[in-house]
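Me: I have a model to go through with you. Let's take it one question at a time, with brief reasoning for each.

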Amino acid sequence: PLTIVCVFFATAGLLHIAQWRWQFTSLKKFTILLLLLGMVFSSLSYLDRTMVPVEADEINVLKWMSRNLPDNSIILSIPENGQFIEYMTKKQVFFSLHESRNEKKATSAKIIFEALYIDTLFPSLEENNVSHIYINRKVKNSLRDDQGLQFLLKNERFKLVHSHERVEVWEFSPKG
């Protein structure tokens with residue numbers, strides 16, 4: 001609603017400047033050109049901040065995942081990655097932002113990412129049928145190296161199935 005009001009006043013101001021009697025018409029054209037360029041560049045910088053930046057290495061790994069992972073795979077990553085993973089791979093993700101109201105999944109995801117011991121982590125992964133874990137730069141920055149999920153990935157039930165630059169895909173083998 002506030003955007004509509006701002007656009008209305010900006011348009012009214014631009015029309016007022018265009019209809020104003022100028023001594024120098026070239027100055028009028030230059031002023032209008034500067035205002036239009038300012039609007040274009042501010043719009044572009046706003047779009048750049050709001051769009052999710054996806055790096056080329058992430059796209060390569062997601063394409064690999066769509067070709068090589070089984071169709072029944074459930075992929076775990078942070079919620080911010082969920083919709084993009086689901087779109088690019090056509091596979092099911094365990095938890096994404098649009099499911100943030102699902103208390104059970106939110107609690108399970110928190111348990112998985114904050115697990116300090118395998119006896120906490122493995123039952124949560126098995127209960128939720130998680131088969132793969134997608135780790136990009138955002139995930140690595142949110143995890144500690146010396147404890148938690150990043151440390152527990154060194155267990156023999158996890159296997160690094162694909163890695164490209166700073167993006168990794170781990171496979172979890174359920175018991176049995």
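Me: Is Leu37 buried, partly exposed or exposed?

Reply: This is a predicted model. Leu37 sits in helix 2, which spans residues 25–50. Buried needs under 20% relative accessible area and exposed needs over 50%. At 37% relative accessibility, Leu37 therefore counts as partly exposed.

Me: About how much accessible area does the nonpolar surface patch with Leu37 have together?

Reply: The patch lies on the surface, and its members include Phe24, Leu27, Phe30 and Leu33. Leu34, Val40, Phe41 and Leu44 belong to it as well, along with Leu37. Together they have about 880 Å² of accessible area.

Me: Which residues touch the most other members in the largest nonpolar core?

Reply: That core has 23 residues. The elements giving two or more residues to it are strand 1 (74–76), helix 5 (103–114), helix 6 (118–127), strand 3 (132–135), helix 8 (149–152) and strand 5 (167–172). The residues that touch the most other members are Leu76, Phe94, Leu121, Leu125, Ile133 and Phe158.

Me: Which residues does Leu76 touch, not counting residues up to four places away in sequence?

Reply: Leu76 is one of the core residues that touch the most other members. Two more of that group, Phe94 and Ile133, are among its contacts, and so is Leu125. The other contacts are Ile112, Phe113, Val130, His132 and Tyr134.

Me: How many residues make up the second, separate core?

Reply: Its members include Leu69 and Ile75. Val167 and Val169 belong to it too. The count for this core is eleven.

Me: Why do the buried residues of helix 6 lie on the same side?

Reply: The buried residues are Leu121, Phe122, Ser124 and Leu125. On the other side of helix 6, Asp119 and Glu127 are exposed. The buried residues pack against strand 1, helix 5, helix 8, strand 4 (158–164) and strand 5. Leu121, Phe122, Ser124 and Leu125 lie on the same side of helix 6 because they cover an arc of only 165°.

Me: What arc do the buried residues of helix 4 cover around the axis?

Reply: Helix 4 covers residues 79–89, and its buried residues are Asn81, Gly82, Ile85 and Thr89. They pack against helix 3 (56–68), strand 1, strand 2 (92–93), strand 3 and helix 7 (137–142). Asn81, Gly82, Ile85 and Thr89 are on the same side of helix 4, because their arc is only 120°.

Me: Which residue takes a positive phi just after helix 4?

Reply: Helix 6 offers a parallel case: Asn129 follows it with a positive phi near 55°. Just after helix 4, the phi is about 60°. The residue there is Lys90.

Me: Is Asn128 buried or exposed?

Reply: Asn128 is in the loop between helix 6 and strand 3. It touches Ile74, Phe94 and Ser108, not counting residues up to four places away in sequence. The cut-off for buried is under 20% relative accessible area. Asn128 has 14%, so it is buried.

Me: What distance separates the C-alpha atoms of Ala106 and Pro79?

Reply: Ala106 lies in helix 5. Ala106 is partly exposed, with a relative accessible area of 23%. Along the chain, Ala106 and Pro79 are 27 residues apart. Their C-alpha atoms are separated by 9.2 Å.

Me: What distance separates the C-alpha atoms of Pro70 and Ile4?

Reply: Pro70 is in the loop between helix 3 and strand 1, and it touches Lys91 and His132, not counting residues up to four places away in sequence. Ile4 is 66 residues from Pro70 along the chain. The C-alpha separation is 47 Å.

How values were computed:
Residues numbered from 1 in each chain as written. Predicted model: local features only at pLDDT ≥ 70, side-chain atom pairs only at ≥ 80, totals over all residues. Heavy atoms only, no water. Core = buried A, V, L, I, M, F, W, Y, C linked by side-chain atoms within 4.5 Å. Buried < 20%, exposed > 50% of the residue type's maximum accessible area, 1.4 Å probe, protein only. Helix = DSSP H or I, 4+ residues; strand = E, 2+ residues; numbered from the N terminus. Contact = heavy atoms within 4.5 Å. Patch = residues over 30% accessible without salt bridge, like charges linked within 9 Å, V, L, I, M, F, W, Y side chains within 5 Å. Areas by Shrake-Rupley, 256 points an atom, 1.4 Å probe, with all protein chains shown as cover. Salt bridge = Lys/Arg side-chain N within 4 Å of Asp/Glu carboxyl O. Arc of directions from axis to C-beta.
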